[in-house]
Amino acid sequence: MKSLPYGMVELPVLKIFLLSLVGVFAVAYLEAAVLMLMAKAFRGQTTIHKMICTVGYKYLINSLATLISSLLFSISSRILLLPAVMILILGMLASYLFFVEGYRNAVEINPDRRLYALLTGELIFYILIVVIVFFLLVSVISSLPLMSVGNYY
C-alpha cells in the first residue's frame with residue numbers, strides 16, 4: 001500500500017480500515033432498522049435481531065465474494081480478471097437471494113404485503129444513503145483549502 005503513491009501521499013491504512021468497518025456496521029444497522037420499521041408499518045411482526053441477521057448474511061456473502069475476487073485480481077490481473085469479475089457478480093446475486101429468503105423467513109406478514117414492505121424499505125434505505133453521502137461529500141468538499149479561496153472579501 002505504501003509503494004502505490006510512490007511516496008507522494010502517506011496513507012493511514014489502519015485508520016481507513018477501522019473507519020470503513022464502523023461505516024459498514026452503521027449502514028447495516030440503518031438498513032435493518034428501516035426494514036423493521038417498514039415491516040411494522042405494513043402490520044408485520046419482526047424483531048431488530050432478525051433484521052440484523054438478515055442484513056448481516058447479505059453483507060457477509062458480499063464481503064466474502066469481494067475478498068475472493070480481490071485476491072484473484074491481485075494474484076494476476078490479466079489472467080484471473082474474468083474469474084474475479086464472475087465471482088464478484090455471482091456473490092452479489094447470491095447475497096441478494098439469501099437476503100430475500102432471510103427476509104421472507106424473518107418477517108411474519110401477509111404474503112401480499114411482504115414484497116411491498118421489502119421494496120419500500122429498501123427504497124427508503126437507499127434514499128437515506130444518498131442523502132447521507134451527499135451531506136458527507138458537501139462537508140468534505142467545503143473543508144478543502146481550495147474551496148475557501150473566494151472567501152477573501
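Is Arg43 buried or exposed? With a relative accessibility of 65%, Arg43 counts as exposed, because the cut-off for that word is over 50%. Keep in mind that we are looking at a predicted model. Here are my notes, point by point.

1. **The overall plan.** Start with the parts list: the protein has four helices and zero strands. Reading from the N terminus, the order is simply α-α-α-α. Helix α1 covers residues 13–41 and helix α4 covers residues 111–142. Between them in the numbering sit α2 (48–75) and α3 (81–106). Of the 153 residues in the protein, 22% are buried. If you take contacts between residues at least 6 apart in sequence, 64% of them join residues at least 24 apart.

2. **The loop after α1.** Back to Arg43 for a moment: this residue lies in the loop between α1 and α2. Its phi is near 60°, which is a positive value in a residue other than glycine. Most residues other than glycine have a negative phi, so a positive one deserves a second look. Thr47 lies in the loop between α1 and α2 as well. Thr47 has a relative accessible area of 37%, so this residue is partly exposed. Try finding Ala33 from there: Thr47 and Ala33 are 14 residues apart in sequence, and their C-alpha atoms are 9.4 Å apart.

3. **How α1 meets α2.** The axes of these two helices come within 9 Å and cross at roughly 130°. That angle makes α1 oblique to α2. The crossing is right-handed. On the α1 side, the contact is made by Val27, Ala28, Tyr29, Glu31, Ala32, Ala33, Leu35 and Met36, while α2 brings Ile48, Met51, Ile52, Val55, Lys58 and Tyr59. Sorted by class, the contact of α1 with α2 has 12 nonpolar, no polar and two charged residues.

4. **Two residues of that contact, up close.** Which residues does Val55 touch once its neighbours within four places in sequence are left aside? They are Ala28, Glu31, Ala32, Leu35 and Phe99. Tyr59 is found in helix α2. With a relative accessible area of 24%, Tyr59 is partly exposed, because buried would mean under 20%. Leaving aside its own neighbours within four places, Tyr59 is in contact with Val27, Ala28, Glu31 and Phe125. Phe125 is one of the α4 residues that α1 meets. One more pair to click on is Tyr59 and Val24: they are 35 residues apart along the chain, and 8.7 Å separates their C-alpha atoms.

5. **How α1 meets α4.** Here the helices pack at an angle of about 140°, and their axes are 9 Å apart. So α1 is oblique to α4. As for handedness, α1 passes α4 in a right-handed crossing. From α1, the residues involved are Val27, Leu30, Glu31, Val34, Leu35, Met38 and Ala39. They meet Ala117, Leu118, Thr120, Gly121, Glu122, Ile124, Phe125, Leu128, Ile129 and Ile132 in α4. By class, the contact of α1 with α4 contains 13 nonpolar, two polar and two charged residues.

6. **How α3 meets α4.** What angle do these two helices pack at? It is about 125°, with the axes 11 Å apart. They are therefore oblique to each other, and their crossing is right-handed. From α3 the contact uses Tyr96, Phe99, Val100, Tyr103 and Arg104, and from α4 it uses Arg114, Ala117, Leu118, Glu122 and Tyr126. Those residues of the contact of α3 with α4 divide into seven nonpolar, no polar and three charged.

7. **The core.** Finally, look at the largest nonpolar core, which has 14 residues. The members that touch the most other members are Leu35, Met51, Val55, Phe99, Tyr103, Val107 and Leu118. Each of α1, α2, α3 and α4 supplies at least two residues of this core. The largest share, five residues, comes from α1. Some of these names should ring a bell: Leu35 and Val55 turned up in the contact of α1 with α2, and Phe99, Tyr103 and Leu118 in the contact of α3 with α4.

Conventions:
Residues are numbered from 1 along each chain as its sequence is written. This is a predicted model: local features need pLDDT of at least 70, side-chain atom pairs count only at pLDDT 80 or more; totals for chains, interfaces and linings use all residues. Side-chain values use heavy atoms; hydrogens and water are left out. Axes are lines fitted to C-alpha atoms, for helices over the stretch in contact, and angles run from 0 to 180 degrees between N-to-C directions. Angles under 35 degrees count as roughly parallel, over 145 as roughly antiparallel, 65 to 115 as roughly perpendicular and the rest as oblique. A crossing is left-handed if the near helix is turned anticlockwise from the far one by less than a right angle, and right-handed if clockwise. Contact means heavy atoms within 4.5 Å. Ala, Val, Leu, Ile, Met, Phe, Trp, Tyr, Cys and Pro count as nonpolar, Asp, Glu, Lys and Arg as charged, and the others, Gly among them, as polar. A nonpolar core is a set of buried Ala, Val, Leu, Ile, Met, Phe, Trp, Tyr and Cys residues joined through side-chain atoms within 4.5 Å. Buried means under 20% relative accessible area, exposed over 50%, partly exposed in between (1.4 Å probe, protein chains only).
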